[in-house]
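This report describes the fold, the nonpolar cores and the charged pairs of one protein chain. The sequence and the structure are shown first.

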Amino acid sequence: IKCKVSDATPSESPAGAQNGDGIYLMIDCENASLREPDEDVFKLWCSSTGDIAWGEGAAGTWKQLPKPAVNASVTSTASGYDLDIAIPRSEIKRLKPTARIGAGISNYANELMGVTEYLILSEPDASNTWMRVDFE
């Protein structure tokens, strides 16, 4: 996953806090099209400094998982930063050829003031509002 972020003043998130600049990626591995997170629905947070958090749905909530074997690299650019994220297949259980993916970006002025925006018309906990993706 490659993200090019235009933000001349990225705000760093304290490790594990998820309240700074960064991206969210949600994956519904079985294309279950759910209204709330459950098993085989995953949520990744990657901060503007490469800090990673990983969770899986569990009966309507997000359960924090141990730090995954996800590789993230951050490159500063003139207009902001680039994130390059690699999620090993072993971290995504039962990924089907058709899945659903949601995404969001966080933009914070400081760790107390910020906003997270998700893809248009998508809700962060409802995979039935995310994009359908066909893997080949």
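## Overall fold

The protein contains 10 strands and 0 helices. Its order along the sequence is therefore written β-β-β-β-β-β-β-β-β-β. The structure is a predicted model.

For 136 residues, a compact globule would be expected to have a radius of gyration near 14 Å, and the protein agrees with this at 14 Å. The C-alpha trace spans about 40 × 30 × 30 Å along its principal axes. Of the 136 residues, 40% count as buried. The protein exposes about 7600 Å², of which carbon and sulfur atoms supply 51%. Among contacts with a separation of 6 or more, residues 24 or more positions apart account for 56%.

## Nonpolar cores

The largest nonpolar core has 18 residues, and those touching the most other members are Ile-23, Leu-44, Cys-46, Trp-54, Leu-83 and Ile-85. At least two residues of this core come from each of β1 (2-6), β2 (22-28), β3 (41-47), β4 (52-58) and β7 (80-86). A second core of 6 residues is separate from it and includes Tyr-24, Val-41, Ala-53 and Trp-130.

Ile-85 illustrates the surroundings of one member of the largest core. Which residues is Ile-85 in contact with, leaving aside its neighbours within four places in sequence? They are Ile-1, Ile-23, Leu-44, Cys-46, Val-70, Asn-71 and Ala-72.

## Salt bridges

Side chains of opposite charge can pair when their charged atoms come close. The whole structure holds 6 salt bridges, including the three listed below.

| Salt bridge | Closest N to O distance |
|---|---|
| Asp-84 and Lys-2 | 3.2 Å |
| Asp-82 and Lys-4 | 3.3 Å |
| Arg-94 and Glu-39 | 2.9 Å |

The salt bridge between Asp-84 and Lys-2 joins strand β7, where Asp-84 lies, to strand β1, where Lys-2 lies, so that parts 82 residues apart in sequence are tied together. Asp-84 counts as partly exposed because its relative accessibility is 34%, whereas Lys-2, at 69%, counts as exposed.

Asp-82 and Lys-4 also meet through their side chains in a salt bridge. Here Asp-82 belongs to strand β7 and Lys-4 to strand β1, and the pair links distant parts of the chain, 78 residues apart. Is Asp-82 buried, partly exposed or exposed? With a relative accessible area of 21%, Asp-82 is partly exposed, since the cut-off for a buried residue is under 20%. Lys-4 counts as exposed at 71% relative accessibility.

The side chains of Arg-94 and Glu-39 form a further salt bridge. Arg-94 is placed in the loop between β7 and β8 (98-110), Glu-39 in the loop between β2 and β3, and the pair links these distant parts of the chain across 55 residues. Arg-94 is partly exposed, with a relative accessible area of 42%. Glu-39 counts as exposed because its relative accessibility is 51%, and the cut-off for an exposed residue is over 50%. Arg-94 and Glu-39 also take part in a network of salt bridges that links them with Glu-30 and Asp-40.

## Summary of strand β7

Strand β7 supplies at least two residues of the largest core. Asp-84 in β7 pairs with Lys-2 in β1, and Asp-82 in β7 pairs with Lys-4 in β1.

Technical notes
Residues numbered from 1 in each chain as written. Predicted model: local features only at pLDDT ≥ 70, side-chain atom pairs only at ≥ 80, totals over all residues. Heavy atoms only, no water. Core = buried A, V, L, I, M, F, W, Y, C linked by side-chain atoms within 4.5 Å. Buried < 20%, exposed > 50% of the residue type's maximum accessible area, 1.4 Å probe, protein only. Helix = DSSP H or I, 4+ residues; strand = E, 2+ residues; numbered from the N terminus. Contact = heavy atoms within 4.5 Å. Salt bridge = Lys/Arg side-chain N within 4 Å of Asp/Glu carboxyl O. Rg over C-alpha atoms; globule rule 2.2 N^0.38 Å. Areas by Shrake-Rupley, 256 points an atom, 1.4 Å probe, with all protein chains shown as cover.
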